[in-house]
Amino acid sequence: MCAWVAEQAAGLLPILTVSSDSRRAALAAWEASLDGLRYPHSLRFVVHLGESNPPPGYCTASWALAHERKLQEVIGYLTAHRGRRVILADLGIKFFPAFIQAQPRWLRMMDSGNLDMLFMRERGHELAELREGEVSTRLVVIHSTEPALRFWNQVLQNQLAEPRMASYLPYSVQHHVNNLLTYFAGGGPQDGAHGASWDYLPDEDVLTFEPSEGQDLSRVAVCAPLGAKVPAQQLVETGGTSAPTFAALEEAEARAKADAEVGRIASEIRRLRQELASNPQGQLERYRAALALAAAQLLVEVEALAGRGTAEPTALSIGAEKKAVAAPIQVDDFETVD
């Protein structure tokens, strides 16, 4: 509790995000950008939804369930932390050093305007003339007040009311949020459903496009590119104070690639196991050499990932290949690998 009080006194807000097994690489990059700022781990709240049921992809049942679960987690957090503020940040958000300095300004905005929410402005390029005033749900600062709780509960109810049927294109959370907000041109605090009040995060704090090389990002708090991956080496802040952030991002990307390669190898091993299990023992002799070679090649790749150097065959892998060719393959040989 003492640590939380100290962090709040310093103007730092807790950050809430929702992840799944399929977004491990995005989560690693998200965490890395906060690591570069030395953002306290005690203020990071990551909800893991686990692996989605197949089939994955846009507008599938698992996609709809993930949206519903995300809203439920947001409401659960707000209910458990009444009277406090939290930043809801999508995994695509990258944080810059100015993020630390921006938070006290955001809090002053909310206090002076008696605001329940601050939204990032939607800057999508499609039909922009028809989307004036639209907000994005990728980055939201929420004050857990009664109006805010009723607002997000209404968003959840509207999301749950969406039909689930083949060929039906469901609306997203962002659509339901915007439907519950009233926008008046001219700026200043805006109104929302259930008495909630809101406004935009300052435009100068949010970068929504890929920065050019050498661009001064010293005043940018967060980067939220529109559906594009921002290479870490492009995000160079003047003065070099963000170097730890981008070094951590590059390290996270390398770890994510290694994780993906490990997953591919594990999948190949499972396939080999299935082939072995589905073939009668008498027919295995026909495929013994090919399967043994495949197993040896996988071992070479595992050794390379483990840091043994290049993917050239080592004494261990060559020995394994000779042993596999010399001895009949048993179905149990792969049972210890999942």
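The questions and answers below concern a predicted model of one protein chain.

User: How many helices and how many strands are in the protein chain?
Analyst: The model is predicted, and its helices and strands are read from it as DSSP runs. The protein chain holds both kinds of element, with nine helices and 11 strands.

User: What percentage of the residues of the protein chain count as buried?
Analyst: A residue counts as buried when its relative accessible area is under 20%. The protein chain has 338 residues, and the share that counts as buried is 43%.

User: What area does the protein chain expose, and what share of it do carbon and sulfur atoms supply?
Analyst: The exposed area of the protein chain is about 17900 Å². Of this area, the share from carbon and sulfur atoms is 55%.

User: What share of the contacts with a separation of 6 or more joins residues 24 or more positions apart?
Analyst: A contact here means heavy atoms within 4.5 Å. Among contacts in the protein chain with a separation of 6 or more, residues 24 or more positions apart account for 68%.

User: What span should helix α5 have at 1.5 Å a residue, and how far apart are its end C-alpha atoms?
Analyst: Helix α5 covers residues 146-160, which is 15 residues. The expected span is 1.5 Å times one less than the number of residues, so α5 should span 21 Å. The end C-alpha atoms agree with this, as they are 21 Å apart.

User: Which residues of α5 are buried?
Analyst: Buried means under 20% relative accessible area. Q154 also lies in helix α5, but at 26% Q154 is partly exposed. The buried residues of α5 are P147, A148, L149, F151, W152, V155, L156 and Q159.

User: Which residues does Q154 touch, not counting residues up to four places away in sequence?
Analyst: One partner is 40 residues from Q154 in sequence, with a C-alpha to C-alpha distance of 8.8 Å; this is H194. With close sequence neighbours up to four places away left out, the residues touched by Q154 are L180 and H194.

User: Where does H194 lie, and what is its phi?
Analyst: H194 is in the loop between β8 (190-192) and β9 (197-200). Its relative accessible area of 36% makes H194 partly exposed. H194 is not a glycine, yet its phi is positive, at about 65°.

User: Is N114 buried or exposed?
Analyst: N114 sits in the loop between α4 (98-113) and β5 (117-121). Just after α4, N114 takes a positive phi of about 50°. The cut-off for exposed is over 50% relative accessible area; because N114 has 63%, N114 counts as exposed.

User: What is the reach of α4 from its first C-alpha to its last?
Analyst: The 16 residues of α4 give an expected 22 Å at 1.5 Å a residue. Residues buried in α4 include A98, F99, W106 and M110. The reach from the first C-alpha to the last is close to the expected value, at 23 Å.

User: Which residues line the largest cavity?
Analyst: The structure holds one cavity of 30 Å³ or more, and about 30 Å³ of space lies in the largest cavity. By class, the lining has four nonpolar, no polar and three charged residues. The lining residues are M120, R121, R123, L201, P202, D203 and V206.

Note on methods:
Residues are numbered from 1 along each chain as its sequence is written. This is a predicted model: local features need pLDDT of at least 70, side-chain atom pairs count only at pLDDT 80 or more; totals for chains, interfaces and linings use all residues. Side-chain values use heavy atoms; hydrogens and water are left out. Helices (H or I, at least four residues) and strands (E, at least two) are DSSP runs, numbered from the N terminus. Buried means under 20% relative accessible area, exposed over 50%, partly exposed in between (1.4 Å probe, protein chains only). Accessible areas come from the Shrake-Rupley method with a 1.4 Å probe; for residues, only the protein chains shown count as cover. On a 1 Å grid over the protein atoms alone, a cavity is a set of points where a 1.4 Å probe fits but cannot get out, and a pocket is an open set with protein on both sides within 12 Å along at least five of seven lines; lining residues have an atom within 4 Å of a point. Grid points are joined across faces, edges and corners, and a volume is the space filled by probe spheres set on the points. Ala, Val, Leu, Ile, Met, Phe, Trp, Tyr, Cys and Pro count as nonpolar, Asp, Glu, Lys and Arg as charged, and the others, Gly among them, as polar.
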